[in-house]
Amino acid sequence: MYIYYIINLENHALTANDKIFNSYGFSKSKGIRICSHNVNRIESKYEEIKHNLMFSDNQPDVLGLGETFLTKHTTDNELQVPGYVFERKDRTSQGGGGLIVYFSETIKFLRKNNIEIGGTETMWFEIKPDYKKSFLLCFVYRPPKSLIDW
């Protein structure tokens, strides 16, 4: 079961008349659609994610996936989704964790490695929408056994 957070970057209040019940829960409103899932091992769910990104109505423009469990043994070619580009950050110590973020090819972005803190599972991006101000977006995976002051 997926738990997802939906962020719609336009000031659009959802009403009972909005049809938001597609794979990602987005209405047909304007704005950049950003979604985040904890996938708990992407390899077993990759084909479903790929299908949803390619064929669902109102796909997300940005999809962040946490707890991917990817290692250096999984090549970028194995993670490709037509119409999307991605950035990934695999956990290098112990198993588990990791992040991957898919961006629609229409989204302009810049990875901000310079503000990512070593030892934390974060990925920062500057999103550059057309006709809007740029903004920062961060995806975070906080392991359940991490220290409170993490």
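The questions and answers below deal with a predicted model of one chain.

Q: How many helices and strands are there in the chain, and in what order do the elements run from the N terminus on?
A: The chain holds 1 helix and 8 strands. The helix stands after two strands, and the remaining strands follow it. Written from the N terminus on, the order is β-β-α-β-β-β-β-β-β.

Q: Which element of the chain has the lowest mean pLDDT?
A: The chain averages a pLDDT of 82, and 79% of the residues score at least 70. Over residues 1-22, however, the pLDDT is below 50, although this stretch has 50 contacts in the model beyond near neighbours in sequence. Where pLDDT is low, the predicted coordinates should not be read in detail. Strand β6 (residues 109-111) has the highest mean, 98, while the lowest, 44, belongs to strand β1 (residues 4-8).

Q: Is strand β3 mostly covered or open, and how many of its residues are buried?
A: In a regular strand the side chains alternate between the two faces of the sheet. On one side of β3, Val 62, Gly 64 and Gly 66 are buried, and on the other side Leu 63 and Leu 65 are buried, which leaves both faces covered. For strand β3 (residues 62-66) the number of buried residues is 5 of 5.

Q: In which sense do β2 and β3 pair?
A: Strands of a sheet pair through backbone hydrogen bonds, either parallel or antiparallel. Cys 35 stands opposite Leu 63 in β3, and His 37 stands opposite Leu 65 in β3. Over 5 bridges, strand β2 (residues 33-38) and β3 pair in the parallel sense.

Q: What is the hand of the β-α-β crossover from β2 to β3?
A: The two strands it joins, β2 and β3, pair in the parallel sense. Between them the chain passes through helix α1 (residues 46-55). The hand of this β-α-β crossover is right-handed.

Q: In β5, which residue is the bridge partner of Gly 64?
A: Besides its pairing with β2, β3 also pairs with strand β5 (residues 99-104). This pairing is in the antiparallel sense and has 5 bridges. The partner of Gly 64 in β5 is Val 101.

Q: Which element supplies the largest share of the largest nonpolar core?
A: In soluble globular proteins, nonpolar side chains tend to be buried together. The largest nonpolar core has 15 residues, of which Ile 42, Ile 49, Leu 53, Leu 63, Leu 65, Ile 100 and Tyr 102 touch the most other members. At least two residues of this core come from each of α1, β3, β4 (84-89) and β5. The largest share, 3 residues, is supplied by α1.

Q: How many residues make up the second, separate core?
A: Among its members are Ile 32, Val 62, Phe 125 and Tyr 141. Val 62 lies on one side of β3, together with Gly 64 and Gly 66. The size of this second core is 13 residues.

Q: Which strands stand at the edges of the open sheet of 3 strands?
A: The order in this sheet is β6-β7-β8, with antiparallel pairing. Each edge strand has a single partner strand, so one side of it is left without a neighbour in the sheet. Neighbouring strands are turned by 25° against each other on average, direction ignored. The edge strands are β6 and β8 (135-141).

Q: Which residue in β7 stands opposite Leu 110?
A: β6 and strand β7 (residues 121-127) pair in the antiparallel sense. There are 3 bridges between them. The residue opposite Leu 110 is Glu 126.

Q: Where is Arg 41 found, and what is its relative accessible area?
A: Most residues other than glycine have a negative phi, and most peptide bonds are trans. Arg 41 has a positive phi of about 90° although it is not a glycine, and phi of Asn 40 is also positive, near 45°. Asn 40 is partly exposed, with a relative accessible area of 40%. Arg 41 lies in the loop between β2 and α1, and its relative accessible area is 48%.

How values were computed:
Residues are numbered from 1 along each chain as its sequence is written. This is a predicted model: local features need pLDDT of at least 70, side-chain atom pairs count only at pLDDT 80 or more; totals for chains, interfaces and linings use all residues. Side-chain values use heavy atoms; hydrogens and water are left out. pLDDT is the predictor's confidence in each residue, from 0 to 100. Helices (H or I, at least four residues) and strands (E, at least two) are DSSP runs, numbered from the N terminus. Contact means heavy atoms within 4.5 Å. Buried means under 20% relative accessible area, exposed over 50%, partly exposed in between (1.4 Å probe, protein chains only). Two strands pair if DSSP finds at least two bridges between them. A crossover is right-handed if, with the strands pointing away from the viewer, the path from the first strand over the helix to the second runs clockwise. A nonpolar core is a set of buried Ala, Val, Leu, Ile, Met, Phe, Trp, Tyr and Cys residues joined through side-chain atoms within 4.5 Å. Axes are lines fitted to C-alpha atoms, for helices over the stretch in contact, and angles run from 0 to 180 degrees between N-to-C directions.
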